Amino acid sequence: MISQTVSELLSQNTITLPEVDIKGWVRTFRANRFIALNDGSTINNIQCVVDFENFDEALLKRVTTGAAVHIKGHLVESQGKGQKVEIQVSELEVLGDSDPETYPIQPKKHSFEFLREHAHLRTRTSTFSAVMRLRSSLSFAIHKYFNDNGFYNMHTPIITGSDAEGAGEMFKVTSLDAKKTPLNDEGNVDYTQDFFGKETNLTVSGQLEAETYAMSLGKVYTFGPTFRAENSNTSRHLAEFWMIEPEVAFMDLAGNMDLAEDFLKSVITYILEHNLEDLNFLDKRLQDEEKTKPQAERSDMTLIEKLNFVTENNFKRVSYTEAIDILRNSKPNKKKKFKYIIDEWGTDLQSEHERFLVEKHFKCPVILFDYPANIKAFYMRLNDDGKTVRAMDILFPGIGEIVGGAQREERLDVLKQKMAAINIPEEELWWYLDLRKFGTAVHSGFGLGFERLVMFATGMGNIRDVIPYPRTPQNAEF
């Protein structure tokens with residue numbers, strides 16, 4: 001008989017089945033009679049009722065929290081509260097060994113810090129199983145959206161010789177012997193003797209390579225791992241994370257904003273339709289957490305309300321200049337409630353400013369555009385005023401910026417000038433410049449940090465808790 005999942009059994013229209021066959025892990029075993037079983041297919045457990053007189057005592061002693069079991073029985077209407085159906089167990093097998101004395105995920109509240117130390121087991125908990133199911137659904141929804149809208153998926157290089165962001169915070173890739181590193185005549189590392197014959201790094205973005213494919217295939221997107229060697233231990237930074245980066249030929253900034261808004265609404269709508277049980281569980285968890293905070297720090301919206309806030313509102317489009325005027329004249333700024341006071345045009349906005357615009361002023365998601373050129377990347381299209389670029393950031397409640405994008409600079413002479421101004425040698429990006437020589441055209445794209453999206457969708461407060469195995473400074477466990 002083919003095994004069924006907990007999700008399948010709990011959704012059965014027929015209460016009584018002649019026989020069911022299920023495998024999973026024991027969450028709890030009460031009174032030598034009631035097994036709460038979960039197999040990862042749903043946030044909910046199914047109760048399996050054991051008549052202990054029909055089973056060997058030695059076998060029942062092995063049914064402990066964390067044990068894997070194989071159960072056969074009958075699905076019947078539950079006699080207890082909290083569940084519609086339960087399984088009357090006729091056959092019970094414990095699969096493999098289980099040590100109840102050392103199993104770390106006991107049926108009690110564990111801190112997220114403790115669970116990070118046991119990340120290989122933390123998805124046995126309700127919170128992390130819900131988070132990772134949502135992560136999987138979001139991933140599927142992203143691929144589905146782009147596939148349905150005529151995009152081609154591109155696998156951009158993980159090892160690269162370029163720094164797309166110009167940040168310099170990259171992980172080096174080398175096969176050179178650290179104890180016998182060859183040096184050139186200037187006393188620097190001689191990378192001509194390295195595996196690739198030049199200095200290489202782990203990528204910080206697939207954008208530049210994606211642009212090359214957009215300029216032949218029209219509409220492409222990347223969805224892959226990216227890396228930043230930034231020595232940061234904040235709740236919003238990882239050394240390894242995943243990025244979604246669409247690039248589209250013949251699309252200007254307005255089209256880019258349209259695409260990003262439609263994309264975000266689509267993937268969030270998908271999880272509202274397909275993961276509501278997990279979202280309701282995480283919503284309740286978040287509300288319970290909010291009650292422990294001081295009143296002034298509590299969120300005005302529940303998790304479900306935040307998601308609906310995105311799907312049900314049109315995104316307000318506001319220029320950076322207009323946003324600065326709003327912030328400069330706002331009460332928090334005048335009364336110095338902001339940590340970072342807005343004094344003048346050209347300031348790089350912080351999360352507190354972005355959240356004020358979304359949550360207090362406009363009360364809807366916001367797209368800021370036309371940023372000062374000196375706080376944005378070299379590849380963004382320079383406006384006619386000579387001081388702003390066709391950049392855009394999308395701001396969400398609770399987190400601030402979630403998407404950053406731009407119309408790309410398609411003019412060869414202007415791009416060369418911008419590269420020279422920040423000392424990017426033309427020979428390093430000769431292939432990128434070629435796009436502006438051969439069939440150049442308006443094109444645009446954006447980047448979305450996948451873990452940032454998962455944080456928003458799950459209400460989790462630390463980015464380490466929305467990726468299976470977080471990579472942070474001094475931590476590469478598992």
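## Terms and basis

Contact is taken to mean heavy atoms within 4.5 Å, and helices (H or I, at least four residues) and strands (E, at least two) are DSSP runs numbered from the N terminus. This is a predicted model, in which local features need pLDDT of at least 70 and side-chain atom pairs count only at pLDDT 80 or more, while totals for chains, interfaces and linings use all residues. Residues are numbered from 1 along each chain as its sequence is written, and side-chain values use heavy atoms, with hydrogens and water left out.

## Helix 13

In helix 13 (residues 430-437), the buried residues (under 20% relative accessible area, 1.4 Å probe, protein chains only) are Tyr432, Leu433, Leu435 and Arg436. They cover an arc of only 140° around the axis, which puts them on the same side of helix 13; the arc is that of the directions from the helix axis to the C-beta atoms.

The partners against which the buried residues of helix 13 pack are helix 5 (207-217), helix 12 (412-421) and strand 16 (443-449). Glycine 439, which follows helix 13, has a positive phi near 75°.

## Helix 14

Helix 14 (residues 450-458) is largely enclosed by the rest of the structure, because eight of its nine residues are buried. Among these buried residues are Phe450, Glu451, Leu453 and Val454. Just after helix 14, glycine 459 adopts a positive phi of about 80°.

## Isoleucine 159

Isoleucine 159 belongs to strand 7 (residues 159-160), and its relative accessible area of 38% makes isoleucine 159 partly exposed, a class lying between buried and exposed (over 50%).
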